[in-house]
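The following exercises are to be worked with the sequence and the model side by side. Each task is followed by a solution in steps.

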Amino acid sequence: MSPSDRSRSDSSSNSNASADADADTDRESKPESAPAPDLAGLVIAGGYSTRFGDEDKAVADLAGTPMIRRVVDRLAAVTDAVVVNCREDQRGAIAAALEGCAPTIEFALDPVEDRGPVAGIGTGLEAVDETYGREFATVVACDMPFVDPDLLELLFERARDADADGAVVQLEDGWYQTTQAVYRTEPMARACAETLESDDKRIVAALERVDYVTVAEKVLEDADVDDATFESLDTKEALEAAATRLE
Ligand SMILES: Nc1nc2c(ncn2[C@@H]2O[C@H](COP(=O)(O)OP(=O)(O)OP(=O)(O)O)[C@@H](O)[C@H]2O)c(=O)[nH]1
Ligand SMILES: [Mg+2]
């Protein structure tokens, strides 16, 4: 599947929540560089990398560093608590790829494999809740090694300031970037479980079950977010092109 999901709604937001003054005060009292205490990271990696070929892209080497390690290293700028969602058979290789990473890492294995990214997000968010008890989680796909932590911070602030259950970027073409987003842990975990029981199993169907805010793609330019943040390396060709850039 594509990392983006087509929006079913043309509204820019379904949030009717107002800004949370207490959350603002709380944020201002903390040093800017400290990881957000209410934010965990969730890396989803349970897909089969079919476009990538015979290798698991999560642990594929990108200029000397496994792709998933690059993601976790970037998450370390915004959180000290990460959950990695994958299948049982991936766990050993991923754990090896992440050895010595700064955040605490917990694995959340798919109880049933191949149920799509909504299952991965749901399983991962349940683990975020149980293990870390954090109110929000930023979800990032394992094949997005250029994820910009500043964007994750911005999405977290937007969700929290609006007292919303999530914040996602709406791309210029209308698609929502659901695999590099921030969700409130409990309601989104519930939404994923409900979505899995319904006919429409896209991530955006889970999103529509919660009270989210959108951030327009053009805002990212003003906020100086890295252009490559949403780049998803789904093929060997894409990986090689990215590696050439990094040389
Ligand atoms: N847990 C879980 N995660 C999934 C599943 N399918 C996709 N994902 C994850 O969702 C993210 C976006 O999916 P894709 O980029 O399409 O990855 P993929 O499905 O492994 O790749 P393709 O087979 O080439 O489509 C990736 O981080 C995947 O690991 C799944 O069935 N279960
Ligand atoms: Mg992808």
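**Exercise 1.** Classify glutamate 186 as buried, partly exposed or exposed.

*Solution.* The model is a predicted one. Step one is the count: glutamate 186 has 15 other C-beta atoms within 10 Å. Step two is the comparison with the limits: a residue is buried at 20 or more such atoms and exposed at 12 or fewer. Because 15 lies in between, glutamate 186 is partly exposed. Step three places the residue: glutamate 186 belongs to helix 6, which covers residues 185-196. As a check on distance, its C-alpha atom and that of aspartate 226 are separated by 30 Å, with the two positions 40 residues apart along the chain.

**Exercise 2.** Determine whether aspartate 143 is buried or exposed, and describe its surroundings.

*Solution.* First, locate the residue: aspartate 143 sits in the loop that links strand 6 (136-141) to helix 5 (149-161). Second, apply the count: aspartate 143 is buried, because 27 C-beta neighbours fall inside 10 Å. Third, list the contacts beyond four places in sequence: these are Lys57, Met67, Ser232, Leu233 and Asp234. Finally, consult the record: an unreviewed UniProt entry carries the annotation "binding site" at Asp143.

**Exercise 3.** Test whether the span of helix 4 agrees with its number of residues, and describe how the helix is covered.

*Solution.* Begin with the length: helix 4 runs over residues 117-132 and has 16 residues. The expected span takes one less than the number of residues, at 1.5 Å each, which gives 22 Å for helix 4. The end C-alpha atoms are 21 Å apart, so the two values agree. Next, consider burial: twelve of the 16 residues are buried, among them Pro117, Val118, Ile121, Leu125 and Tyr132. Lastly, look beyond the helix: glycine 133 follows helix 4 and has a positive phi, near 60°.

**Exercise 4.** Repeat the analysis for helix 5: what span do its 13 residues reach?

*Solution.* From first to last C-alpha, helix 5 reaches 18 Å, close to the expected 18 Å. Its buried residues include Leu151, Leu152, Leu155 and Phe156, and also Arg158 and Arg160. Just after this helix, aspartate 163 has a positive phi of about 50°.

**Exercise 5.** Identify which helix contributes the largest share of the shell around ligand 1 and of the largest nonpolar core.

*Solution.* Start with the ligand: 25 residues surround ligand 1, and the closest are Gly46, Gly47, Thr50, Arg51 and Gly120. By class, this shell holds ten nonpolar, nine polar and six charged residues. Helix 4 supplies its largest share, three residues. Turn then to the core: the largest nonpolar core has 70 residues, and Val43, Ile68, Val71 and Ala167 have the most contacts inside it. Helix 4 again gives the largest share of this core, seven residues. Such grouping can be set beside a general tendency: in soluble globular proteins, nonpolar side chains tend to be buried together. For valine 71, the contacts beyond four places in sequence are Val43, Val140, Cys142, Met144, Pro145 and Val147.

**Exercise 6.** Summarise the protein chain as a whole: how many helices and strands are there?

*Solution.* The protein chain has nine helices and nine strands, and 47% of its 247 residues are buried. Of the contacts with a separation of 6 or more, 77% join residues 24 or more positions apart. An unreviewed UniProt entry lists residues 41-207 as "domain: MobA-like NTP transferase"; over these residues the chain is 37% helix and 24% strand.

Terms used:
Residues numbered from 1 in each chain as written. Chains lettered and ligands numbered in written order. Predicted model: local features only at pLDDT ≥ 70, side-chain atom pairs only at ≥ 80, totals over all residues. Helix = DSSP H or I, 4+ residues; strand = E, 2+ residues; numbered from the N terminus. UniProt positions renumbered as here; feature names shortened; annotations may be inferred. Contact = placed C-beta atoms within 7 Å. Near = placed C-beta within 6 Å. Nonpolar A, V, L, I, M, F, W, Y, C, P; charged D, E, K, R; others polar. Core = buried A, V, L, I, M, F, W, Y, C linked by C-beta atoms within 7 Å.
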